[in-house]
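Please read this report alongside the sequence and the 3D view. It is written for a reader who wants to locate each feature at the bench.

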Amino acid sequence: MRAEGPGTVEGPGLYVYAVVRAGTPLPRKSGGVGSPPAPLRAVGPGPVAAVVSAAPAQLRARRRDLLAHQDLLTQLAASGPVLPMRFGMVAPDEDALRAQLAAAEAGHLAALDRVAGHIEMNVKALPAHDSLAALVAGDATVRRLREATRRRPGYEANVRLGEAVTSALARRAGEAGRRALRDLAPMARATAGGPEVAGCALNVSFLVAQADSDRFRATAERFAAAHRDHVDLRVAGPLPCYSFVEAGAGAGAGAGTDAGGRSAPAPVGGG
């Protein structure tokens with residue numbers, strides 16, 4: 001598989017969306033990546049299968065294709081457990097994909113069992129930038145620097161005050177985020193830390209039983225409302241279980257190249 005540059009892959013090959021149990025019904029009215037999208041099909045030598053379509057002649061991380069990839073995973077998850085692939089996974093050909101699926105079969109079955117009946121919920125904790133009044137009232141350092149800046153305004157005083165405010169907002173968001181994690185974790189089968197996000201104090205995904213997803217969201221939203229002066233708590237989901245597919249279990253799933261030309265052997269987390 002060739003990659004012409006960041007975010008670009010040129011065919012041929014099979015675009016791999018996910019690994020599922022053999023026999024999982026494919027969405028009847030769902031377009032995949034490409035314009036027009038190629039028909040979906042399942043490729044698999046045994047109890048697991050990869051959901052694929054012909055790879056577009058040229059694939060970039062356009063909004064339309066990113067959304068199509070996500071939408072298809074969501075629809076597949078409605079029919080059973082899914083091991084999602086990141087955007088841009090391309091296998092060289094069907095024979096190679098079948099061989100890789102067979103080699104990783106046991107790991108895939110274990111991962112599918114682990115996520116069956118569950119969805120992923122993602123929670124991010126960001127500083128509450130609209131709560132400066134509450135911050136000044138509750139943080140002695142910020143209050144002192146603010147008064148000093150008022151008495152003797154100047155560039156250096158403003159810089160010190162700005163740094164103190166930024167640090168205090170991040171600290172308060174982190175503390176509130178950790179309290180949210182303690183409140184929400186008992187409702188999840190597992191948790192997984194997500195990648196660092198600029199300006200984000202906490203990024204955690206939760207593996208939640210589908211039957212508990214509404215209760216989980218309601219609890220998170222109540223916490224967010226009660227602590228809005230400390231944290232901007234953002235909840236996303238239900239999502240396919242990106243963060244709870246172990247890399248080792250998926251190592252043979254879709255070995256190939258992603259849209260940036262990187263080796264992309266396994267389902268990976270989103271968050």
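The sections below treat the basis of the model, one sheet, the salt bridges and a few other side-chain contacts.

## Basis of the model

This is a predicted model, in which local features need pLDDT of at least 70 and side-chain atom pairs count only at pLDDT 80 or more, whereas totals for chains, interfaces and linings use all residues. Residues are numbered from 1 along each chain as its sequence is written, and side-chain values use heavy atoms, with hydrogens and water left out.

## A four-stranded sheet

An open sheet of four strands follows the order 10-11-9-12 with antiparallel pairing; strands here are DSSP runs of E with at least two residues, and helices are runs of H or I with at least four, both numbered from the N terminus. Two strands are taken to pair if DSSP finds at least two bridges between them. The edge strands are strand 10 (190-193) and strand 12, each of which pairs on one side only. Neighbouring strands of this sheet are turned by 20 degrees against each other on average, direction ignored, where axes are lines fitted to C-alpha atoms, for helices over the stretch in contact, and angles run from 0 to 180 degrees between N-to-C directions. Helix 7 (residues 213-226) packs on the sheet, touching strand 9, strand 11 and strand 12, and its direction makes about 170 degrees with that of strand 12; contact means heavy atoms within 4.5 Å.

Strand 9 (residues 118-127) is mostly covered, with ten of its ten residues buried, a class that means under 20% relative accessible area, while exposed means over 50% and partly exposed lies in between (1.4 Å probe, protein chains only). Eight bridges join strand 9 to the antiparallel strand 11 (residues 202-209), and in strand 11 the bridge partner of N122 is S205, while H118 stands opposite A209. Seven bridges join strand 9 to strand 12 (residues 231-239), again antiparallel, and here K124 has R234 as its bridge partner.

## Salt bridges

Side chains of opposite charge can pair when their charged atoms come close. With a salt bridge defined as a side-chain nitrogen of Lys or Arg within 4 Å of a carboxyl oxygen of Asp or Glu, the count comes to six. One of them joins D113 and R21 at 2.5 Å, N to O; because D113 lies in helix 3 (residues 105-115) and R21 in strand 3 (residues 14-21), this pair ties together parts that are 92 residues apart in sequence. R21 counts as partly exposed, at 29% relative accessibility.

D232 and R234 also meet in a salt bridge, at 2.8 Å, N to O, with D232 partly exposed at 27% relative accessibility and R234 partly exposed at 48%. Salt bridges that share partners join R41, E94 and R98 into one network. Within this group, the closest N and O atoms of E94 and R98 are 3.1 Å apart, and these two residues are separated by about one helical turn because they stand four residues apart in helix 2 (residues 94-103).

## Other side-chain contacts

N203 lies in strand 11 and, at 7% relative accessibility, counts as buried. A polar atom of its side chain lies 2.9 Å from the backbone oxygen of P195.

A search of the whole structure finds three aromatic pairs, meaning rings of Phe, Tyr or Trp (its six-membered ring) whose centres lie within 6.5 Å. Ring pairs link Y15, Y17 and F87 into a cluster.

Methods
Polar contact = N/O pair within 3.5 Å; in protein donor to acceptor, adjacent residues only side chain to side chain. Phe/Tyr/Trp six-rings, centres within 6.5 Å; stacked < 30°, edge-to-face > 60°.
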